Amino acid sequence: MIQYQGSVYRPPSEADSLILQATLGCSYNRCTFCSMYLDKPFRVRSLDDLRAEIEWARTNLGSVRKVFLADGDALVAKASFLEELLQELASAFPELRRVSIYASPQALAVRSVAEMARLREAGLTLYYLGIESGSDVVLADLKKGVGGDEMIRVALKAHEAGVKLSTMILLGAGSRQNSKEHALDSARVVNAINPRFLSTLVMTPVEGTPLFESARSGAWEELTPIELAAELRTFLAALDVKGTIFRSNHASNYLTLAGTLAKDQERLVASLDRVLADPSAAPFRPRWLRGL
Ligand code: SF4
């Protein structure tokens, strides 16, 4: 059977995927807001262990159409290892349509375009990339390890390799002080990347992280639902992308929005304008529904 090690995280859209831990933890593990892998050191798992799990899934789960490779930045593992793993998956699951993975900017920097193209041909067609912010100031505060221009450069490598990107922006990441800059610079970076998928999450301080301490000391201020709606409005209005599917359906969001950009951009901005004009009628999700 599959022996999951420690906490396992996956994007909301991978809810019905088979999750395999190709690696454990995150090789970077320094982002100030992230507690996901503080409990486990990074390592690449053995192909023999993964083969045994794939064999168990083939025997017990029947048809598998989607696989998500965890943990935090599994793309950082050697391309030869990932290629062999993808070949095992393709031969075990004839109905397999998609394999996806979290890709940190650091992992995208080390993988060459040729390697990413080879892995795409072997089935790895979608990367989840946490852009978090396009602002250099905010990215530095978050200790993301890259600025906005480097984020664009590494993301475009994936595009050059023919890989789809699902990108995330963290609303509220710039605190109150940098909210506008965060919204506008994030739009600039997203515009340059033109990802296939874009989603927003709400920055929520988690105990045990440096961000939590900053929030407690008052150095970082959590935005109110109205301030978050205003920030999202500024961000969405500044977007200039084509064919990007937008969602704010992660549990952390106060407002659930969805649409394809640029087609639905006006409608989405107008719905936020209505929220801002009359906050008392806004369909904010209560805290218990946000799973926090
Ligand atoms: S790269 Fe991703 S998984 Fe790793 S510490 Fe940063 S946010 Fe967490």
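# Notebook: backbone, core and ligand shell

I began at the end of a helix: Gly62, just after H1, takes a positive phi of about 70 degrees. The model is predicted, and I read every value below in that light.

**Helix H1.** I checked the length of the helix that precedes this glycine. H1 covers residues 47-61, which makes 15 residues. At 1.5 Å a residue the span should be 21 Å, and the end C-alpha atoms are 20 Å apart, so the two agree.

**Other positive phi values.** Which residues other than glycine did I find with a positive phi? Glu132 is one, with phi near 65 degrees. Asn194 is another, at about 45 degrees. I flagged them because most residues other than glycine have a negative phi.

I then looked up their settings. Glu132 lies in strand E6. Glu132 has 27 other C-beta atoms within 10 Å, so I logged this residue as buried. Asn194 is in the loop between H7 and strand E8 (197-202). With 19 other C-beta atoms within 10 Å, Asn194 is partly exposed. The cut-off for buried is 20 or more, so Asn194 falls below it.

**Cis peptide bonds.** I looked at omega next. The bond from Ala70 to Asp71 is cis, with omega near 0 degrees. Asp71 sits in the loop between strand E4 (66-70) and helix H2 (79-92). A cis bond also joins Leu261 and Ala262, where omega is about 10 degrees. Ala262 belongs to the loop between strand E10 (258-261) and helix H10 (265-277). Both went into the notes because most peptide bonds are trans.

**Overall form.** I counted the elements: the chain has 10 helices and 10 strands. The C-alpha trace spans about 55 × 40 × 35 Å along its principal axes. Does the radius of gyration agree or disagree with a compact globule? For 292 residues the expected value is near 19 Å, and the chain has 19 Å, so it agrees.

Buried residues are 38% of the 292. I also checked how far apart in sequence the contacts reach. Of the contacts with a separation of 6 or more, 80% join residues 24 or more positions apart.

**The core.** Which residues touch the most other members of the largest nonpolar core? They are Leu69, Ala74, Ala103 and Tyr127, in a core of 76 residues. Strand E6 (residues 124-132) gives this core its largest share, six residues.

I listed the partners of Tyr127, leaving out neighbours within four places in sequence. They are Leu75, Ser100, Ile101, Ala103, Ala158, Val163 and Leu165.

Ile101 came up there, and I followed it. Ile101 is in strand E5 (residues 98-102). Ile101 counts as buried because 24 C-beta neighbours lie inside 10 Å. Beyond four places in sequence, Ile101 is in contact with Leu69, Ala74, Leu75, Leu124 and Tyr127. I also took one distance from this residue. Ile101 and Leu170 are 69 residues apart in sequence, and their C-alpha atoms are 19 Å apart.

**The ligand shell.** Which residues are around the ligand? I noted Cys26, Tyr28, Asn29, Arg30, Cys31, Cys34, Met36, Tyr37, Gly72, Asp73, Ser104 and Gly130. By class, the shell divides into six nonpolar, four polar and two charged residues.

**Asn178.** I wanted a loop residue with partners far along the chain. Asn178 is in the loop between strand E7 (164-171) and helix H7 (179-193). Buried or exposed? Asn178 is partly exposed, with 16 other C-beta atoms within 10 Å. Not counting residues up to four places away in sequence, Asn178 touches Ser135, Val137 and Val138. I took the C-alpha distance for one of these pairs. Asn178 and Val138 are 40 residues apart along the chain, and 7.5 Å separates their C-alpha atoms.

**Asp278.** My last entry is past helix H10. Asp278 lies in the segment after H10. Asp278 counts as exposed because it has 9 C-beta neighbours inside 10 Å. How far is Asp278 from Glu83? The C-alpha distance is 53 Å, with their positions 195 residues apart in sequence.

Key. Residues numbered from 1 in each chain as written. Predicted model: local features only at pLDDT ≥ 70, side-chain atom pairs only at ≥ 80, totals over all residues. Near = placed C-beta within 6 Å. Nonpolar A, V, L, I, M, F, W, Y, C, P; charged D, E, K, R; others polar. Helix = DSSP H or I, 4+ residues; strand = E, 2+ residues; numbered from the N terminus. Rg over C-alpha atoms; globule rule 2.2 N^0.38 Å. Buried ≥ 20, exposed ≤ 12 C-beta atoms within 10 Å, placed from the backbone. Contact = placed C-beta atoms within 7 Å. Core = buried A, V, L, I, M, F, W, Y, C linked by C-beta atoms within 7 Å. Expected span 1.5 Å × (residues − 1).
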